[in-house]
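Here are my notes on this entry, set out as numbered points for a colleague who has not seen it before. Please read them with the structure open beside you.

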Amino acid sequence: MAKITLDNLAHSYLPNPASEDDFALKELNHDWVDGEAYALLGSSGCGKSTLLNIISGLLHPSQGRILFNDVDVTHAPTAERNIAQVFQFPVVYDTMTVRQNLAFPLQNRGADAGYVAARVQEIARMIGMEETLDRKARGLTADAKQKISLGRGMVREDVNALLFDEPLTVIDPHMKWELRTQLKSLHHQFGHTMIYVTHDQTEALTFADKVVVMFDGRVVQIGTPQELFERPEHTFVGYFIGSPGMNVIPAQVEGNRAIVSGSQVPLAQTYGKLDGKVEIGVRPEFVRLSEDEGLPVKIRRIEDVGRHKIVRADFYGSEINIIVEEGAQIGPDMNRVNFDPAHVNVYANDWRVQGEAA
Ligand code: ADP
Ligand code: MG
């Protein structure tokens with residue numbers, strides 16, 4: 001297992017990149033701590049696979065270095081990096097049985113036959129394929145083949161890191177949860193450094209100790225699920241994580257208050273003069289409906305999602321979502337909202353601004 005260091009790393013698919021826009025992966029410095037489980041989260045095209053393929057050596061970065069336990073592997077081929085990678089679509093040997101497919105990475109390294117047999121059995125149990133071990137991979141469903149790919153990724157215990165690139169895409173929804181749980185227990189058991197790429201926040205937040213959020217080729221925040229929830233460092237993290245995401249409202253900020261469309265919003269901290277696009281962000285969990293206090297809104301819709309209700313309101317053209325406890329009454333005169341000041345974040349040009357204690 002290894003600590004993985006990204007040092008001044010950046011990548012462009014163009015031969016002569018001229019500006020930052022030409023980079024699929026913008027400059028990045030980061031240590032992936034040995035033995036941690038990370039999720040790499042972001043929408044399609046933001047650069048997740050580019051980053052993963054650079055770590056595994058399938059792609060050589062146009063700038064910077066990669067180190068495994070402080071040893072420079074930037075130019076080392078994939079085979080020398082001793083990692084396992086599982087892709088979105090199955091990579092299996094059709095003419096081999098499931099057992100042979102699972103055994104292959106171990107036999108390839110000259111593992112002892114008794115160990116191989118036991119380990120294959122254990123992995124087959126984890127992916128729910130004990131009954132299918134002697135079937136040829138050819139003729140199995142895409143779903144079953146992907147489970148074999150996952151099994152092959154997990155079978156070796158001596159890898160530096162396990163990399164997963166949206167591995168559950170072709171898996172049946174009910175099986176997804178099961179496999180994710182297995183991956184998590186594998187992590188607890190062996191403590192591998194794991195990087196799990198996904199565009200699904202639920203997958204990321206349930207799998208990982210730390211979530212690395214990417215937006216437009218850039219890592220915008222690395223944090224625990226709780227940190228991403230409480231202090232989104234970029235408005236994208238606010239929108240993308242949460243259901244619904246953070247409310248982001250254009251504002252002017254002066255000292256310890258924000259002015260939004262003529263109304264005042266108290267802030268828990270004090271801010272200096274801010275330049276550029278200024279917004280406040282508050283999660284729907286920290287918005288309260290009121291009859292007489294706060295910003296005037298029009299309620300558009302109330303959605304009952306079981307555990308709570310989501311109220312969708314309009315505030316001078318900005319949507320404000322409010323999470324209301326199940327069972328709470330929403331009276332016809334509740335047409336104002338207020339925010340818990342401790343949970344109002346201030347953003348300038350999409351980046352969170354740290355205020356000073358008021
Ligand atoms: P993700 O995995 O987050 O969906 P990718 O890393 O695959 O994103 O892609 C990031 C960006 O790089 C996208 O704009 C994509 O079109 C571009 N890209 C990916 N692979 C190549 C390639 N082989 N050649 C040129 N551009 C590419
Ligand atoms: Mg991808």
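1. Two strands are said to pair if DSSP finds at least two bridges between them, and the elements themselves are DSSP runs numbered from the N terminus, with helices being H or I of at least four residues and strands being E of at least two. In strand terms, Leu-67 stands opposite Asp-72 in β5.

2. The model is a predicted one, in which local features need pLDDT of at least 70 and side-chain atom pairs count only at pLDDT 80 or more, while totals for chains, interfaces and linings use all residues. Residues are numbered from 1 along each chain as its sequence is written, chains are lettered from A and ligands numbered from 1 in the order in which they are written, and side-chain values use heavy atoms, with hydrogens and water left out.

3. Overall, the protein holds nine helices and 23 strands, and its C-alpha trace spans about 75 × 50 × 35 Å along the principal axes. Of its 358 residues, 51% count as buried, that is, under 20% relative accessible area with a 1.4 Å probe and protein chains only.

4. The strands β2-β1-β4-β5, in that order, form an open sheet of four with antiparallel pairing, and its edge strands, each pairing on one side only, are β2 (25–32) and β5 (71–72). Between β4 (residues 63–68) and β5 the antiparallel pairing runs over two bridges.

5. Helix α1 (residues 48–56) packs on this sheet and touches β1 (4–11), β2 and β4, where contact means heavy atoms within 4.5 Å. The direction of α1 makes about 125 degrees with that of β1, with axes being lines fitted to C-alpha atoms, for helices over the stretch in contact, and angles running from 0 to 180 degrees between N-to-C directions.

How values were computed
Buried < 20%, exposed > 50% of the residue type's maximum accessible area, 1.4 Å probe, protein only.
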